[in-house]
Each structure stands twice: as C-alpha cells, then as structure tokens.
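Colleague: I have the sequence and the model open side by side. Can we go through the geometry in short questions and answers?

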Amino acid sequence: MAQHTPQELAARLKDGLLSFPVTAFDADLLFDEHTYRQHLAWQASYPVAGLFAAGGTGEGFSLTVEETATVVAAAVAEVGDTVPVLAPAAGNTAQAIRNATDAAAAGAEGLLLLPPYLTEADQEGLLAHASAVCAATDLGVIAYNRANAVYSAETIARLAERHENFIGFKDGIGDIEHLTKVYAANGDRLFYLGGLPTAETFALPLLQLGMSTYSSAMYNFVPEFALAFYADVRAQDRAAVTEKLNRFVLPYLQIRDRAKGYGVSIIKGGLKAVGRDAGGVRPPLQDLTATDLADLKTLIETSSATTSGTSLQRA
Ligand SMILES: O=C([O-])C(=O)C[C@H](O)[C@@H](O)C(=O)[O-]
C-alpha cells in the first residue's frame, strides 16, 4: 500500500535528487536480487528524494513483465520504508497497466510512464494511452517525454485536468521551446524533472525552465558527488557547477560517447570501478571495453569524484 498520496509524492520528489538504480545481473545475466538489494541499501543511505526501479539506467527495456514486478518488489522490500520507490509502466497500454497493477501490489509509490514501443504516435493516441494508465491506478504518474512519446503542452494539460494522479513531466529531449510551453501551460500543477542522458550536464539551465530536479544515473556510483552537484544547481552556484562539470562530468561524457548505449553501460562500469560490481549489461547493450573501463577508473580516481568533502549520509 502506497504511503503517499500522489500530491504528497510530487511534493517530496520535486526538491531532491532522484536515483535511477541499475538492475544487478549475475554471470548468466539473470536478476541478482542479493546484489541489487545491497546496492539499493547503499543508494538509500544517502538523502535522495526518490528511487525509480527498472528505469532506463535500470535496463527496464530488457526485463520481462514478470522480472519488472520482481525487481520493483525487491526495491520496495529493501528501501521502501526509507525512500519512495517508483516503478516503470512501459510498452503497450495493456502491459503498462499490468506494470501499474504489479507496482501497486508491491507497495510502490508511483509510476514513470515510459514511451510505448516502436511505432510512431501522435497526440490523441498518446493522450488515450496515458489516460488509460492514469485511470487504471491510484498511484501518481509521471510522463516521460522521449522517443515516440513527445507530449505537447496541451496534451500534458489535458492529462493534468483529467487525472488528479497525473503529477509530473520528465523530459528526455531538451527542446527549450517545447519545455517553455509545457511549463507555461501547466505551472505548479505538475513537477518537472530533467531526464536527458547524464542529466547533470543540463541541470543548471533547465532549472530556469522549471525543472527543479533530475534523474541522476551517475548517482549510482558517485552518490556524494551527484548530491553535491545537485546542491550547487539548486543554489544556482554557477562557479561550483562549472568546476564539477570540468573536473568530472565533461571528461566522463568523452568516455560515454565512445559507443551507442554506453549511457547505461558506463554506470555499471562505474560500479565496477568503485568496487561495487552489479554485473554486466544485457544485450542489445554492450559492456565497456577493458580500455574504456580503465579510463573511467582513472578519471574517477583523479577527479576525486567518490568524495564530496562533507558527509552526506541520510540523517
Ligand atoms: O531512466 C533513466 O535511467 C533516465 O532517466 C536516464 C538517466 O537517468 C539520465 O537522466 C542520466 O543519464 O543521468
């Protein structure tokens, strides 16, 4: 049973950093629940506002519906009393509703509505898809604006008007004009989060467009750095943000960009580099090469990204 109303959940999520944990796999690429739960316990020991299980960084796109339910249930069981756990609602409408039902049964607090698979889609169809999911659940729903699910400002406003449990807009496209329109049409009725690859890169300018938080994939392996970065963004401390971009984030992008799909693989590489191996990635992703992993390890060490200088553990 969810402990927050959708509105309470939105209020909690909007002012803190959001964790998108990897899904741990064993040597056969099967879900490794023990390692996953250890990872989540570590993630939740820091003051993140929400934990999105089986999202993009969690390779939700590579999990069966049953595996997604198992991963979400493991997350709730491990950290649900400490931090709100959100689950994916993915694929076709029936599957997304099934994800929503499984998530509610597991005690998740909210849903991230991921783009449906493969086909192109326009506004009436997206509205019908998202509406069906919102109507099928009491959990708070956040729409992920990305790939074939590009919601116009009007569609988002119609969803917000129709469904009290529609609480948020996550962006993975970065079209400034579009974001301006979405915020102008919906204001404080929703909360907004950045979800571009390596969200830190865009966090400070997007704050001005109403995005008070973002999904941090790198939080997985450098949580203290990621939290310190978020604090600098919220303080609008441009000098501190720029220093951290130069010291770690921008050199990291140079490794991330060496292969398609590395946006996720590099996170599992980062965990290996800091001694918290959560296994490899499932196809169609590929693991970092030995050279790329060695370069990442060197970067983490030389940039001191594993330390913040102050203790940021959850009180
Ligand atoms: O579902 C996800 O993992 C994402 O939203 C993508 C990443 O978290 C992205 O924001 C990033 O790479 O920081």
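Colleague: Which residue in strand 6 does Asn 145 stand opposite?
Modeller: Bear in mind that this is a predicted model. Strand 5, residues 140-145, runs parallel to strand 6, residues 166-171, and 5 bridges join them. Ile 142 stands opposite Gly 168 in that pairing. Opposite Asn 145 stands Asp 171.

Colleague: What kind of sheet do the strands form, and how many strands run in it?
Modeller: Strand 4 and strand 5 run parallel, joined by 4 bridges. Strand 6 and strand 7 also pair in the parallel sense, over 4 bridges. The order is 1-2-3-4-5-6-7-8, with parallel pairing, and the sheet is a closed barrel of 8 strands.

Colleague: With which strand does the direction of helix 1 make about 35 degrees?
Modeller: Helix 1, residues 6-13, packs on the sheet. Its contacts include strand 1 (18-19), strand 4 (110-113) and strand 8 (211-216). The strand at about 35 degrees to helix 1 is strand 6.

Colleague: Are the two faces of strand 5 covered or exposed?
Modeller: On one side sit Gly 140, Ile 142 and Tyr 144, and on the other Val 141, Ala 143 and Asn 145. Of the 6 residues in strand 5, 6 are buried. Ala 143 also has a partner in strand 4, with Leu 113 opposite. Both faces of strand 5 are covered.

Colleague: Why is strand 6 described as largely enclosed?
Modeller: A residue counts as buried at 20 or more other C-beta atoms within 10 Å. Strand 6 is largely enclosed by the rest of the structure because its buried residues number 6 of 6.

Colleague: Which residue in strand 7 stands opposite Phe 169?
Modeller: Strand 7 points Phe 191 and Leu 193 one way, and Tyr 192 and Gly 194 the other way. These four residues are all buried. The partner of Phe 169 is Tyr 192.

Colleague: What is the distance between the end C-alpha atoms of helix 3, and what span should its 15 residues have?
Modeller: Helix 3 covers residues 65-79. At 1.5 Å a residue, it should span 21 Å. The end C-alpha atoms agree with that, at 21 Å.

Colleague: Which elements do the buried residues of helix 3 pack against?
Modeller: The buried set in helix 3 includes Val 71, Val 72, Ala 75 and Val 79. Glu 78 is among the buried residues too. They pack against helix 2 (33-44), strand 2 (50-52), strand 3 (85-89) and helix 4 (93-106).

Colleague: Within what arc do the buried residues of helix 2 fall?
Modeller: Tyr 36, His 39, Leu 40, Gln 43 and Ala 44 are buried in helix 2. Seen down the axis, they fall within a limited arc, so they line one face of the helix. His 34 and Ala 41 are exposed on the other side. The arc is 125 degrees.

Colleague: What is the handedness of the crossing of helix 9 and helix 10?
Modeller: The two helices pack at an angle of about 145 degrees, with axes 9 Å apart. Phe 225, Phe 229, Asp 232 and Val 233 in helix 9 meet Ala 240, Val 241, Lys 244 and Phe 248 in helix 10. The crossing is left-handed.

Colleague: Does Val 222 count as buried or exposed?
Modeller: Val 222 is in the loop between strand 8 and helix 9. Leaving out residues up to four places away in sequence, it touches Gly 270, Ile 300, Ala 305 and Thr 306. The cut-off for burial is 20 or more C-beta neighbours. Val 222 has 24 inside 10 Å, so it counts as buried.

Colleague: What is the omega of the cis peptide bond that joins Pro 283 and Pro 284?
Modeller: Pro 284 lies in the loop between helix 11 (262-273) and helix 12 (290-303). The bond from Pro 283 to Pro 284 is cis, with omega about 15 degrees.

Colleague: Is Ala 147 buried or partly exposed?
Modeller: Ala 147 sits in the loop between strand 5 and helix 6 (153-162). Its phi is positive, about 55 degrees, although it is not a glycine. With 14 other C-beta atoms within 10 Å, Ala 147 is partly exposed.

Notes
Residues numbered from 1 in each chain as written. Predicted model: local features only at pLDDT ≥ 70, side-chain atom pairs only at ≥ 80, totals over all residues. Expected span 1.5 Å × (residues − 1). Buried ≥ 20, exposed ≤ 12 C-beta atoms within 10 Å, placed from the backbone. Contact = placed C-beta atoms within 7 Å. Pairing = 2+ DSSP bridges. Axes fitted to C-alpha atoms, helices over the stretch in contact; angles between N-to-C directions. Arc of directions from axis to C-beta. Left-handed = near helix turned anticlockwise from the far one by under 90°.
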